[in-house]
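Biologist: I am new to this structure and would like to learn how to read its features one at a time. Could you give me the general idea before each case?

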Amino acid sequence: MSRLNIGMISFAHAHAFDYLASLLHMSEVTVGGIADEVPERTEALAKHHSIPYYADYKELLADANIDAVIICSENVYHGELAIASARAGKHVLCEKPLGLSVEEMQRMILVCSEEGVQLMTAFPCRFLTPVVRAKEALDRGDIGEIIAFKGTNRGSFPGPKWFSDEALSGGGAVLDHTVHVMDLMNWFSGSSVEQVYAYADTLFDPERKRMIDDAGMVHVTFENGVFGVLDPSWSRNPGFPTWGDVTVEIIGTKGVISIDAFNQKNNVYGRVSGKGSRSFWGDDMNELMLKAFVQALIEGVEVPISGIDGLRSTEVALTAYQSVHAGQPVRLNK
Amino acid sequence: MIRTAVIGCGSMGTVHADRYKSMPEAELVAVCDIVDKAAEVLGNLVGVSYFISVHEMLEQVKPEVVSIAVPTYLHVPLVRIAADHGAHVICEKPLALTSQEAEEAIRYCSERGVSLFVGHVVRFFPSYRQLAEGIKQLGSDQGGIYHAKRAGSHPGNVQEWFRDPLLSGGVIMDLMIHDIDYIRGAFGEAREVYAFQHQSEDINYASATFRFKNGTIAQLEAFWGYPGSFHSSFEYADAEGIISGGTGDGESLHIRKSITTGSTSGFVETPSGVLLKDPYFLELEHFLSCLISGEEPIVTAQDALEAVRWAEAAQQSAMTHQPVKLEVKEEIE
């Protein structure tokens, strides 16, 4: 295979627009179709780029020319869409969180395996250059053995309404923003989370109408004794100069690695905007992630981030909610 | 003029002596250290008589206020000696290694009619004072998320006793207690703490999350053995706003000197404090003024005791890997 034909299923998650923009730049990729249940969102965009538009994703899956799909639906539909795509013989890149229960994610992984298609979880943070360099430093033994992590993935309250509807999202900030940095901690530690203790609350809605968690603190203990703590809160307000952050500090026996992944920026102070803002100039993680997905499929090798990776970090977020309800640490099921 | 004396002529004792020396309302009358060289150096530096015996100093110069700036395991024994001589006490933090000892120190001073103050200096940093006011002004009654960090080289490299948790209390009791006391002041009563600690010869790292009754979640880190210069930072975020600050936000003056001979690095950097009254001065001035007026200080000995209790709870959580509940205890009278 020298080219890849990719279909995009659902634009409920705004990342889909970024992914599409990146795919359109890639010479080895054809965007073979856009399926989106909300025509106002994408029909005109698809037409503008001469991409076939479908209101029903099943029509897209019926196109035998499409090799792979990218799923950016509401979280609750990830399982159904990924399984249908796999059954249609398409490789899958699924937005995070991979699924909303361990059983669902196991089924997604199983069906993809049965159908001989690859399943990749969209964890673009793995492709942030500072993160890649940190992993290289860890592998070189620059800071000895890992003792602990402190991470933040603070963000702004997401625009689309479904994020605050538990029936569609499956959870709030603790689900949405735990999974990215949790995946990094899993990757860095080379171990598995054994115990989770978490807080979740709704603290950041000045109107106090929000029905979903927007604040939390997730503590994990790995099997190898490494400790991690992570702030996944949607705590950035419109006055803050940027949308949020991804930071990880890795405390080792022989040193410390500090990642502030988006701290590659200019500071911009516009008269009209009335506030300062940050303008990021680092490498584009979404594009690097998509290239890695495309490259692996073209070369017929394993995608760099698996469904199991998606499951492992989502399981921590799901266990975090169990811990919140139990009010005590919860051990992961083996 | 209040007659003051300093017990302990190390780095903190030197700070206390220096600030008393420059304070119009105080008269520094003596310094004392069991290490005669240390006593002599500081005594000569600030131009007062120096002693190697605490008893001798207290009996001869009869100070009204005594600063205690000795290793933590000696705090309470010296608080008792000072109180026995009728001197009011300003003790460096932490008040004691255990809450039991801290209670005893408070009771002992109270019974002898002397005041006890504890030097939780972070409350006197202008940046933290503004933060506390800012938290009130933002005023989200749902609470918010707080992060604070304090990291630097291992003090055991300079003073060996820091390395022994039985003498120093370790990084939670000695370093994190700054932020523990601060969050108590800023957020009030807490429900529980969940903590992690790593202790080895070179590293003592701790991470502790406090959950407050008002909803606030405060995540603290304290680090001895950090491979870089000392730094601290904080961020508070709630529904109404975000306030952050730290070491890098407090540096308004750097003096960098070129070096012409015998140096490969080329320059020497001296970070300079640039406040007319530094936090230690403000702290000591405040305690002396409370002594005169009889007003309650912004941080009381009872607060210092509670901070020790919270630090103990964090230590316990780190040992057991379980959250530890924080109960409100009766005040010691």
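Modeller: Let us begin with a term: a salt bridge is counted when a side-chain nitrogen of Lys or Arg lies within 4 Å of a carboxyl oxygen of Asp or Glu. Please keep in mind throughout that this is a predicted model. By that rule B:Arg19 and B:Asp278 form a salt bridge, with their closest N and O atoms 2.5 Å apart. B:Arg19 belongs to helix α1 (residues 11–21) of chain B, while B:Asp278 sits in the loop between β14 (267–271) and α9 (279–293) of chain B, so the pair ties together parts that are 259 residues apart in sequence. Both B:Arg19 and B:Asp278 are buried.

Biologist: Which residue does A:Asp139 pair with in a salt bridge, and how far apart in helix α6 of chain A are the two?

Modeller: The general idea is that side chains of opposite charge can pair when their charged atoms come close. Here A:Asp139 forms its salt bridge with A:Lys135, and the closest N and O atoms are 3.0 Å apart. The two residues are four apart in helix α6 (residues 129–140) of chain A, which means that about one helical turn separates them. A:Asp139 is exposed, with a relative accessible area of 55%, whereas A:Lys135 counts as buried at 16% relative accessibility.

Biologist: Where along helix α1 of chain A do the buried residues lie, on the same side or on opposite sides?

Modeller: An α-helix has 3.6 residues a turn, so residues three or four places apart point the same way. In helix α1 (residues 15–24) of chain A the buried residues are A:Ala16, A:Tyr19, A:Leu20, A:Ser22 and A:Leu23. Because they cover an arc of only 165 degrees around the axis, they lie on the same side of α1(A).

Biologist: How many residues of each chain are in contact where chain B and chain A meet?

Modeller: In this model 34 residues of chain B are in contact with 37 residues of chain A, and the area buried between the two chains is about 2900 Å², of which carbon and sulfur atoms give 59%. Across this interface the rule finds four salt bridges; the side chains of A:Glu249 and B:Lys149, for instance, meet in a salt bridge at 2.6 Å, N to O. The side of chain B that touches chain A has, by class, 13 nonpolar, 13 polar and eight charged residues. Salt bridges can also be linked in a network, as they are for A:Arg154, A:Arg236, A:Asp245 and B:Glu235.

Biologist: What should I look for in the backbone, and which peptide bonds are cis?

Modeller: Most residues other than glycine have a negative phi, and most peptide bonds are trans. In chain A, a cis peptide bond joins A:Lys96 and A:Pro97, with omega about -10 degrees, and A:Pro97 lies in the loop between β5 (91–95) and α5 (102–115) of chain A. In chain B, the peptide bond from B:Lys93 to B:Pro94 is cis, with omega near -15 degrees, and B:Pro94 is found in the loop between β5 (88–92) and α5 (99–111) of chain B.

Biologist: Is A:Ser10, with its positive phi, buried or exposed?

Modeller: A:Ser10 has a phi near 70 degrees and is buried, with a relative accessible area of 2%. B:Lys62 has a positive phi of about 45 degrees although it is not a glycine, and at 57% relative accessibility B:Lys62 counts as exposed.

Technical notes: Residues numbered from 1 in each chain as written. Chains lettered and ligands numbered in written order. Predicted model: local features only at pLDDT ≥ 70, side-chain atom pairs only at ≥ 80, totals over all residues. Heavy atoms only, no water. Buried < 20%, exposed > 50% of the residue type's maximum accessible area, 1.4 Å probe, protein only. Arc of directions from axis to C-beta. Contact = heavy atoms within 4.5 Å. Buried area = accessible area lost by both parts, 1.4 Å probe. Nonpolar A, V, L, I, M, F, W, Y, C, P; charged D, E, K, R; others polar.
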